[in-house]
Structure formats: C-alpha cells, structure tokens
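Ready for some practice in reading a protein structure? Work through the exercises below with the sequence and the 3D view side by side, and try each task before you look at its solution.

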Amino acid sequence: MSKTTLTDGSPVTPDHREINPATGQQKGYVVLSAEERAKGFVRPVRRTYVHSKCGVATTMGQAIAETYARQPDFYSGTFCVGCRPHFPVGEDGEFVWDDGSKVGT
Ligand SMILES: [Zn+2]
C-alpha cells in the first residue's frame, strides 16, 4: 500500500525519471495518491509558478499541484518550460508561485 502513484494514478515505475527528449520532461511524475491528497491541504492549490532566472511561467497538472498543497516539501526539484531542465525548489530555490510565495515552502 504505497502512498504515491504517478500523475494518472498508475503505480510508480522504475523508469519514470527517464527524460523525454521531445519535451525535456520526465516520462512520469510521482504524486501523493488520491487517497492521501483527499486528507486535506496545508497550502492553497496553485498550478502556476514562475522561474525567477528566466521569468517563464510553468503550469502543472492538478495532481502535482495538489501534492504540493498537501505536502509542500514533497518535491526536491521542478521543471521549467523555459529552461527545460529540472531545478531545486525550497527556500533557496528559484521558483515562485503566482501568489508570490516560494515553491516548496
Ligand atoms: Zn527557467
């Protein structure tokens, strides 16, 4: 009974971190299970963040947004559609939600 799944609710696969060269994104992203997310959020559900280095906004899927809202430190890094690679999040990170607070905090 795992508390995590991929964004579509399917089981986490060993190769989910493989990067799709066409998009620069991972094959799959791990999220907290729907059951776990249903327990309640400690932050607002925010879907868009801005990378301070390039100024580009990235909008993520609902399951990832809810995972951040349930457990803000769940992810150690995130994706920028402007720069493509994944960068760290948190107090020292370069990502800010559209309401002005830091991603991962
Ligand atoms: Zn960027």
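Before the first exercise, you need one term: a donor is an N, O or S atom within 2.8 Å of the metal, or within 3.2 Å for Na, K and Ca. Keep in mind, too, that this is a predicted model.

**Exercise 1. The zinc site**

Find the protein donors of the zinc ion and work out which arrangement they form.

Solution.
- Step 1: Look around the zinc ion for donor atoms. You should find ND1 of H51 and the SG atoms of C54, C80 and C83, at 2.0 to 2.3 Å from the ion.
- Step 2: Place these donors along the chain. Their spacing reads H-x2-C-x25-C-x2-C.
- Step 3: See which parts of the chain are brought together. C54 sits in the loop between β3 (48–51) and β4 (57–59), while C80 sits in the loop between β5 (77–79) and β6 (86–88); this pair links distant parts of the chain, 26 residues apart.
- Step 4: Check the angles. Four donors count as tetrahedral if all angles lie between 85 and 135 degrees. Here the angles run from 104 to 117°, so the arrangement is tetrahedral. For comparison, the ideal angle for four tetrahedral donors is 109.5 degrees.

**Exercise 2. Buried or exposed?**

Sort C54, C80, T67 and G100 into buried, partly exposed or exposed.

Solution.
- Step 1: Recall the cut-offs. Buried means under 20% relative accessible area, exposed means over 50%, and partly exposed is in between.
- Step 2: Take the two cysteines. C54 has a relative accessible area of 33%, so C54 is partly exposed. C80 has 0%, so C80 is buried.
- Step 3: Move to T67, which is found in helix α2. Its relative accessibility is 0%, so T67 is buried. A polar atom of the T67 side chain lies 3.1 Å from the backbone nitrogen of L32.
- Step 4: Finish with G100, in the segment after β7 (95–97). Its value is 53%, so G100 counts as exposed. The C-alpha atoms of G100 and Y49 are separated by 8.8 Å, although these residues are 51 apart along the chain.

**Exercise 3. The largest pocket**

Describe the space in the largest pocket and the residues that line it.

Solution.
- Step 1: Start with the space, which is about 440 Å³.
- Step 2: Turn to the lining, made of 22 residues; Q26, Y29, Y75, G77 and H86 lie nearest the centre.
- Step 3: Ask which elements take part. Two or more lining residues come from each of β4, α2 (62–70) and β5, and β5 gives the most, with three.
- Step 4: Sort the lining by class: ten residues are nonpolar, eleven are polar and one is charged.

**Exercise 4. Two loop residues**

What is notable about the phi of R84, and which side chain does T13 contact?

Solution.
- Step 1: Begin with a general rule. Most residues other than glycine have a negative phi.
- Step 2: Compare R84. This residue is not a glycine, yet its phi is positive, about 80°. R84 lies in the loop between β5 and β6, and at 39% relative accessibility it is partly exposed.
- Step 3: Go to T13, in the loop between β1 (4–6) and β2 (30–32). T13 is partly exposed as well, at 31%.
- Step 4: Follow its side chain, which makes a polar contact with the side chain of D15 at 3.0 Å.

Terms used: Residues are numbered from 1 along each chain as its sequence is written. This is a predicted model: local features need pLDDT of at least 70, side-chain atom pairs count only at pLDDT 80 or more; totals for chains, interfaces and linings use all residues. Side-chain values use heavy atoms; hydrogens and water are left out. Four donors count as tetrahedral if all angles lie between 85 and 135 degrees; four count as square planar and six as octahedral if opposite donors are over 155 degrees apart and all others between 65 and 115; anything else is irregular. Helices (H or I, at least four residues) and strands (E, at least two) are DSSP runs, numbered from the N terminus. Buried means under 20% relative accessible area, exposed over 50%, partly exposed in between (1.4 Å probe, protein chains only). On a 1 Å grid over the protein atoms alone, a cavity is a set of points where a 1.4 Å probe fits but cannot get out, and a pocket is an open set with protein on both sides within 12 Å along at least five of seven lines; lining residues have an atom within 4 Å of a point. Grid points are joined across faces, edges and corners, and a volume is the space filled by probe spheres set on the points. Ala, Val, Leu, Ile, Met, Phe, Trp, Tyr, Cys and Pro count as nonpolar, Asp, Glu, Lys and Arg as charged, and the others, Gly among them, as polar. A polar contact is a pair of N or O atoms within 3.5 Å; within protein, one must be able to donate a hydrogen and the other to accept it, and residues adjacent in sequence count only if both atoms are side-chain atoms.
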